Every structure is written in structure tokens, then in C-alpha cells.
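Colleague: I should like a close look at a single part of this model, with the packing around it set out in order.

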Amino acid sequence: MSPHSTADLLTRRYATLGEHSPLFYREPLELVRGEGVWLTDATGRTYLDAYNNVPHVGHAHPAVADAVNRQLRTLNLHTRYLNHVVVDYAEALLETFADPLDRLFLVNSGSEANELALRVARQHTGHTGVLVSDFSYHGNTTSLAQLTTGLTVAEPLGDHVRALRIPDAAGLTDAEASVLCASALQEADQAIASLQAAGHGLSAVLFDPLFSTEGLLRPPQGYVEGLAARVRAAGGLVVADEVQSGFGRLGDVMWGHELFDLSPELVTLGKPMGNGHPVGGVVTTAELLDEFGRRNMYFNTFAGSPVSSAAAHAVLRVMDAEQLRPRARQNGEFIAARLEQLAREYPAVASVRGQGLFFGLTLVRPDGSAAPEAARALTERMREAGVLISKIGREDNVLKMRPPMVLERAEAELLLDRLAACLSALEPAA
Ligand code: PMP
């Protein structure tokens, strides 16, 4: 039993952390325990977690807990001594990248990773201009707030930033998609020209290969490659933010950028990397890492400490031992097929999004306009039905489902059954 009431805890949280520190749900959920894909609240009720990607290999995985415990009892300190645990991890992680991505900066979070990647790009190119998607989120530092368009921030878009509307080809014919692609690339040309005219030049394009905050958009074939080619022609670098799309979640690929015919110069990592232990990274080329290292004494006290590295290495080992990427592919295909069926049955479901164990449903009103109220209602109903999901997108109408990678087939079925029941409570099947 919990020693306090949830209402009491909420009052104390507001009194200490303030009322603006975000919480999910109309009635915030007090969680006390996790195991695998399951979470337990303060009353002892369990929920299927179909939202959290940080506990990548499952909540409270014993192999991660043991690795952290062992390392904490052995040695943990800052990063300026030689220690094999750190190097062992760097080697194991870099093995999962194709050449020439064979160097790693360790950091503590996704924000730090993006901050550092943009700094590397700025110094390498001598330019400051940045392209982002016009509904994206890359982190919470001052310079990232200046390029944030997908969450409310007080900072205006920086003068050195241009936000591109990412084209979405879902539901289009090939011919329509290629027209859309051409006009979106023209927009990119204009944005680059405007950065050059303003004297910023172009240092980088920064994008999430899954366009997840944007609502899991599906850009037309060739768009991302075309954008990267234009960025490089203008002297800029390509930065893939793999904080959400990385570590095999997409099933078919280990890294989201592998969905495209594209090798970014910089790849940023976070969230799932340490299964909840705060660790992030920037993977890049030897040339860029060495150039930055020669010019800067880059020191980061906690980043990739022996304990962080032990946690992160345990994640990779569990992924291998439990074959989590192939499982994400198989379960992802099974889930996608069932979601397509729901889309046929329920007119409110306009499209199925995502890949592997990251999927979404776009919800619309009878007139075809976005239905954020339906997404809100379904998220709440699913919680009542014992399944945690969330919502994303420019119009806040895309259900977001992204369970830990250890999801079993039976748990996927439970998720889908509850989703179908909640959809039919909202609107009878067609
Ligand atoms: N990039 C992306 C795509 C993210 O989703 C997030 C976090 N939501 C970040 C960067 C920032 O990561 P962190 O919160 O670890 O700083």
C-alpha cells in the first residue's frame, strides 16, 4: 500500500515542482512498479505499457539492473581515466553502424546530443543556418528551443533557422506523391537560399527519420534523399536525430536513417540507450570527431561513465539475446495488419502510421478534418481499459503507440482488442 494518497502526492508535486511540469491524463497516474511491458499503479492495478520507449528492453530488466549494480559496486567516476567498460560499449555500439560512422561522443541526454551535433556542424562548415521540420522537437537547451516548432516554447524561431513543412504522402498515388515531393524540395531550395541571403549559410539539416513528433509522416519516396543532397550541395551536414527512431525499434533496420538511401554525417541518440539510465550519444565520422577534438577541449563529467556504459551495453546484449529487433519486425507486421483492418472498419481512422513497434492511427471527424478530441478521448478510455498510449502530430490527432521492445504476441493482441473496443465505444464500426 502506498503511504500517501495520490491526491496528496499531486498537491506536494505542485507545491515543489510547480503546476506546469507536465503529467499525462486528466487524473494523473501514480505508478509504483514496472516489469517487462507492465506497469503497476499505487492501488495495485496493472497497465499494459504501449507508450514508453525509454524502457527499451522492458521495465526493470534484471540484466540491466544487475549490470548497473555490479558496476556501481566496482567503480564509477568521471570520464578522464581509461576504463574498459566504456571502450567495450563504444566498440559494440559502433559495430551497429555502417562506415564511415565509426566514432562516438558520449553525452547524457538527447538534448545534449543534438546540441553537440549542431555545434560540430557549425564549426565544420563555418555556417550557422539550420533546417528543421516545422513541427519537431529536438531538446530543451537554449539553442534547441530556438529551433523548436513542435512544442510551446517562449523563444521565437532563431533568425538562423528555417522550418520546412515535411510532405506527407500517405494515401497519395505515386504521381501525386512525386508532384508533392518536387514542390517540397523547391521549398527546401528557397529556405536554403534565404539562409544564404541572410548571411547564415547552411550548417545542417536536423530531422527525426520517422518524423514522429510531426505525427509519423510518410514523406514521398526520394524526398529525404533529395533534401540531404541539397543540404550537402550548400555545404551543410545531415544530422539524423535517432532519439526516437533508433535501437532497432523499427524492426527492419537498426537505425531510422537506414530507411533511406542516405548516410548522415551525425546521428544523435538518447532515450532507449540506457533503458532509463541517462545516457546519450553522437555517432559521427573520424574526420568530424577529430576536427572538433583538435579545436575544443570537450569535457563532459558524467557522460558515458562506467555505470552508464554498463547500462547501455546491457541493453545491446539483451537485444541480441532476446532477439528484440526481429521480434519488433514480426510483432510490428502483425499489429500493422490489424490496425489496417481497424482503419477499414472505423471511418474515424483515416490512416495507419509507423513501422515496427512504433505505430499510430490518424483520427478524423466525419468531414475529414483532424479529430484531436477523439484522440484525447481514446487515450483516456484506453487508460481506463488498462493500456497506456498517447497522441502526437501537428493537429494532436494521431494516436501514438510505442511499447517496450519485449512486447509479446499475446500482449499485442490485448492492446489491439482494447483499442478496437475503445474505438467502437467512441463510434460504432461502419
Ligand atoms: N530528440 C527527439 C526526437 C526527442 O523525442 C527528444 C525527447 N522527447 C529529444 C530529442 C530530447 O531528448 P532528452 O529529453 O533526453 O533531452
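In which sense, left-handed or right-handed, does H3 pass H9?

Modeller: The model is a predicted one, and in it H3 passes H9 in a left-handed crossing. The axes of helix H3, residues 84-94, and of H9 come within 8 Å and cross at roughly 35°. On the H3 side, the contact is made by Val 85, Val 86, Asp 88, Tyr 89, Ala 92 and Leu 93. Helix H9 contributes Pro 306, Ser 309, Ala 310, Ala 312, His 313 and Leu 316 to this contact. By character, the residues of the contact of H3 with H9 divide into nine nonpolar, two polar and one charged.

Helix H9 also has a part in the interior. The largest nonpolar core has 117 residues, and those touching the most other members are Ala 117, Val 205, Val 239, Ala 311, Val 315 and Leu 363. Helix H9, spanning residues 306-321, gives the most to this core, with eight residues. At least three residues of the core come from domain 1 (6-57 + 324-426), and at least three from domain 2 (62-321). In soluble globular proteins, nonpolar side chains tend to be buried together.

Ala 117 gives a local view of that core. Leaving aside neighbours within four places in sequence, Ala 117 is in contact with Val 239, Leu 266, Thr 268 and Val 282. Of these partners, Val 239 is itself among the core residues that touch the most other members.

Terms used: Residues numbered from 1 in each chain as written. Predicted model: local features only at pLDDT ≥ 70, side-chain atom pairs only at ≥ 80, totals over all residues. Core = buried A, V, L, I, M, F, W, Y, C linked by C-beta atoms within 7 Å. Buried ≥ 20, exposed ≤ 12 C-beta atoms within 10 Å, placed from the backbone. Helix = DSSP H or I, 4+ residues; strand = E, 2+ residues; numbered from the N terminus. Domains from an automatic or database assignment. Contact = placed C-beta atoms within 7 Å. Axes fitted to C-alpha atoms, helices over the stretch in contact; angles between N-to-C directions. Left-handed = near helix turned anticlockwise from the far one by under 90°. Nonpolar A, V, L, I, M, F, W, Y, C, P; charged D, E, K, R; others polar.
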